[in-house]
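Subject: Structure handover

Hi,

Here is the structure I promised to pass on. Have it open while you read, and my notes follow just below.

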Amino acid sequence: TKKMTIGLKLFFLVGFTLLFGSWLSRQEFMAIDMAVKRYGTVKFDPQKFKGGDTALRASMAVDLIRSKLPLGKTGDELRAWLGRGDAHFWNDNIPAYVLEEGWRTNKDTYALVFIVDRDGKVVEAKIHKNCCTKP
């Protein structure tokens with residue numbers, strides 16, 4: 001029935017929200033001041049970001065985060081704007097872009113990730129520690 005369908009949808013939505021929130025709270029994100037020290041700060045340019053290597057994207061990440069330009073965009077809008085993501089964060093619907101390929105240099109790996117709300121719109125951009133060199 002209709003009430004049962006709505007109830008099931010609500011149950012799964014609440015369950016997903018709690019699961020994602022719990023998982024998200026255990027993730028490690030780089031502070032902006034650390035990103036400035038590590039990557040520097042270059043003015044964000046979507047065309048250069050789209051075609052740039054990881055070092056160029058990393059140098060633009062702080063300016064992009066501070067600008068708040070991604071807020072309210074959907075994943076599809078971000079991909080059209082920034083290009084196809086090349087990192088993974090939670091699921092494929094969350095755009096993520098490698099900033100530092102630690103596996104190549106025996107360091108930690110970081111990605112620029114865009115946290116989305118239940119409507120799929122960006123509510124926050126962060127630099128996520130995607131992987132690590134230590135178990």
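Let's start with the aromatics: F44, F49, W81, Y97 and F114 are linked into a cluster by ring pairs. Before you zoom in, bear in mind that this is a predicted model. There are four aromatic pairs in the structure. The one I looked at in detail is F49 with Y97, where the ring centres are 5.6 Å apart and the planes sit at 75°, so this pair counts as edge-to-face. F49 belongs to helix α3 and Y97 to strand β2, so the pair ties together parts that are 48 residues apart in sequence. Are these two buried or exposed? F49 counts as buried because its relative accessibility is 0%, and Y97 is buried with a relative accessible area of 0%.

Two charged side chains join in here. R57 places its charged end over the ring of F49, 5.8 Å from the ring centre. K73 does likewise with W81, its charged end sitting over the ring at 4.8 Å from the centre.

Now a step back to the overall layout. The protein has six helices and four strands, and along the sequence they follow the pattern α-β-α-α-α-α-β-α-β-β. Of the 135 residues in the protein, 33% are buried. If you take the contacts between residues at least 6 apart in sequence, 46% of them join residues at least 24 apart.

The sheet comes next. It is an open sheet of four strands in the order β1-β4-β3-β2, and the pairing is antiparallel. β1 (29–30) and β2 are the edge strands, each pairing on one side only. As a reminder, strands of a sheet pair through backbone hydrogen bonds, either parallel or antiparallel.

Have a look at β3 in particular. How many of its residues are buried? The count is eight of eight, so to speak of β3 as mostly covered is fair. In a regular strand the side chains alternate between the two faces of the sheet. For β3 both faces are covered: one side has T109, A111, V113 and I115, the other has Y110, L112, F114 and V116, and all of these are buried.

As for its neighbours, β3 pairs with β2 in the antiparallel sense over four bridges. Y97, from the edge-to-face pair, stands opposite L112 in β3, and E100 stands opposite Y110 in that strand. β3 also pairs with β4, again antiparallel, over eight bridges. One of the residues involved is V116, whose bridge partner in β4 is V122. β3 and β4 form a hairpin with five residues between them, and G120 in the turn has a positive phi of about 80°.

That leaves helix α5, which covers residues 75–82. Which of its residues are buried? They are G75, L78, W81 and L82. Seen down the helix axis, these fall within an arc of 125°, so they line one face of α5. W81 is also a member of the ring cluster. The face turned away from the buried side carries the exposed residues D76 and A80.

What do the buried residues of α5 pack against? Their partners are α3 (46–51), α4 (54–67), β2 (96–100), β3 (109–116) and β4 (122–131). The helix lies across β2, β3 and β4, running at about 45° to β2. Right after α5 comes G83, which has a positive phi, near 95°.

If you want a residue on the outside to click on, try D76 in helix α5. D76 counts as exposed because its relative accessible area is 60%, and the cut-off for exposed is over 50%. Its C-alpha atom is separated by 9.8 Å from that of I94, which is 18 residues away along the chain.

For a quick tour on screen, I'd go in this order:

- F49 and Y97, for the edge-to-face ring pair.
- K73 over the ring of W81.
- β3, with buried residues on both faces.
- The hairpin of β3 and β4, with G120 in the turn.
- α5, with its buried residues along one face.

Cheers

Technical notes: Residues are numbered from 1 along each chain as its sequence is written. This is a predicted model: local features need pLDDT of at least 70, side-chain atom pairs count only at pLDDT 80 or more; totals for chains, interfaces and linings use all residues. Side-chain values use heavy atoms; hydrogens and water are left out. Buried means under 20% relative accessible area, exposed over 50%, partly exposed in between (1.4 Å probe, protein chains only). Helices (H or I, at least four residues) and strands (E, at least two) are DSSP runs, numbered from the N terminus. The arc is that of the directions from the helix axis to the C-beta atoms. Contact means heavy atoms within 4.5 Å. Rings of Phe, Tyr and Trp (its six-membered ring) pair if their centres lie within 6.5 Å; planes under 30 degrees apart count as stacked, over 60 as edge-to-face and the rest as tilted. A charge sits over a ring if NZ of Lys or CZ of Arg is within 6 Å of the ring centre and within 35 degrees of the ring normal. Two strands pair if DSSP finds at least two bridges between them. Axes are lines fitted to C-alpha atoms, for helices over the stretch in contact, and angles run from 0 to 180 degrees between N-to-C directions.
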